[in-house]
Amino acid sequence: ESRPLVDRNGKGTRVTLRTSDGNIMSAGSPVFYRGVQVGRTESPKLSDNGSVVTVDAFIEAPHDRYLTTATRFWDTSGFQVSFGADGLKLDVGSFAALISGGVAFNTFFSGGDQIKEGQDYELYPDEATAREDAFARVSANTVRMSTVFEDGVSGLAPGASLIYEGLK
């Protein structure tokens with residue numbers, strides 16, 4: 001009915017991304033790994049019950065070797081501005097992603113297994129959310145701590161760096 005946006009005979013791996021917001025991506029959006037375009041998306045589709053939007057993405061070989069079950073995908077379209085303890089932060093993706101939307105992926109920790117063709121991934125709204133989710137599921141060896149400050153702590157914001165003996 002319509003020509004595929006990605007060469008079906010090309011070498012690489014096809015994955016499925018799931019999100020609740022179909023506005024974040026358009027057909028043919030670039031897929032990036034560490035800032036380098038390594039693939040493209042197909043047309044978004046609505047699930048049968050209408051609650052989820054899915055889109056197939058094709059990651060070209062040899063870049064598909066970076067995909068594991070620990071990989072996280074996120075939306076890179078547009079830009080984000082935040083102001084916190086670290087100062088003003090402006091995050092802008094590539095020009096192509098700014099115009100047509102885009103997706104990026106990375107594996108923030110080791111230990112993921114090899115994937116099969118058609119692997120499902122959740123599409124996070126931004127890199128910070130994807131990173132938080134990845135580390136929230138990392139290990140049972142995580143130690144949770146709370147700190148009570150008796151005096152004010154001006155400038156301290158969620159996500160501020162923790163330095164211990166000079167290490168972040």
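Where does Asn106 sit in this structure? Its place is in strand E9, which covers residues 103-107. The model is a predicted one, and the confidence that comes with it is worth a look before the details. The protein chain has a mean pLDDT of 79, with 73% of its residues reaching 70 or more. One stretch to treat with care is residues 94-99, where pLDDT stays under 50. For that stretch, the model has 10 contacts beyond four places in sequence.

Now for the overall layout. The protein chain comes to 2 helices and 10 strands. Reading from the N terminus on, the order of the elements is β-β-β-β-β-β-β-β-α-β-β-α. Of the contacts with a separation of 6 or more, 67% are between residues 24 or more positions apart. The chain has 168 residues, and buried ones make up 32% of them. On the outside, the protein chain exposes about 11,600 Å², and carbon and sulfur atoms supply 51% of that area.

Back to Asn106. Is this residue buried or exposed? Asn106 has a relative accessibility of 14%, and because anything under 20% counts as buried, that is how it is classed. Leaving out residues up to four places away in sequence, Asn106 touches Tyr33, Arg34, Thr71, Arg72 and Trp74. Two of these partners, Thr71 and Arg72, turn up again below.

Next comes the nonpolar interior. The largest nonpolar core has 15 residues, and those that touch the most other members are Val15, Leu17, Val31, Leu67, Phe73, Phe105 and Tyr121. Several strands feed this core: E1 (12-19), E2 (30-33), E5 (53-60), E9 and E10 (120-124) each supply at least two residues. E5 gives the most, with 3 residues. Apart from this core lies another one, made of 9 residues, among them Phe32, Phe108, Phe109 and Ala134.

Tyr121 gives a good feel for the surroundings of a core residue. Neighbours within four places in sequence aside, Tyr121 is in contact with Val15, Thr16, Leu17 and Arg18. Its contacts also include Leu67, Thr68, Thr69, Thr71, Phe73 and Ile115. Val15, Leu17, Leu67 and Phe73 are on this contact list, and they are also named among the core residues that touch the most other members.

What about charged pairs? The structure holds 4 salt bridges. In one of them, the side chains of Asp120 and Arg18 meet, at 3.2 Å from N to O. Asp120 belongs to strand E10 and Arg18 to strand E1, so this pair ties together parts that lie 102 residues apart in sequence. Asp120 is partly exposed, with a relative accessible area of 39%, and Arg18 is partly exposed too, at 35%.

Another salt bridge joins Arg72 and Asp133, whose closest N and O atoms are 3.1 Å apart. Here Arg72 comes from strand E6 (residues 71-75) and Asp133 from helix H2, so parts 61 residues apart in sequence are tied together. Both Arg72 and Asp133 are buried. Arg72 is also one of the residues that Asn106 touches.

A further salt bridge has the side chains of Glu127 and Arg131 meeting at 2.9 Å, N to O. This one stays inside a single element: both residues lie in helix H2, 4 residues apart, or about one turn of the helix. Glu127 is partly exposed, with a relative accessible area of 30%, and Arg131 is partly exposed as well, at 35%.

Finally, the outside of the chain. Phe149, Val153 and Leu156 form a nonpolar patch on the surface, with about 280 Å² of accessible area together. Val153 is in the segment after helix H2 (127-136), and at 35% relative accessibility it counts as partly exposed. Gly111, in the loop between E9 and E10, is exposed, with a relative accessible area of 67%. How far apart in space are Gly111 and Ala70, C-alpha to C-alpha? They are 7.1 Å apart, although 41 residues separate them in sequence.

Conventions:
Residues numbered from 1 in each chain as written. Predicted model: local features only at pLDDT ≥ 70, side-chain atom pairs only at ≥ 80, totals over all residues. Heavy atoms only, no water. Buried < 20%, exposed > 50% of the residue type's maximum accessible area, 1.4 Å probe, protein only. Contact = heavy atoms within 4.5 Å. Core = buried A, V, L, I, M, F, W, Y, C linked by side-chain atoms within 4.5 Å. pLDDT = per-residue confidence, 0-100. Areas by Shrake-Rupley, 256 points an atom, 1.4 Å probe, with all protein chains shown as cover. Patch = residues over 30% accessible without salt bridge, like charges linked within 9 Å, V, L, I, M, F, W, Y side chains within 5 Å.
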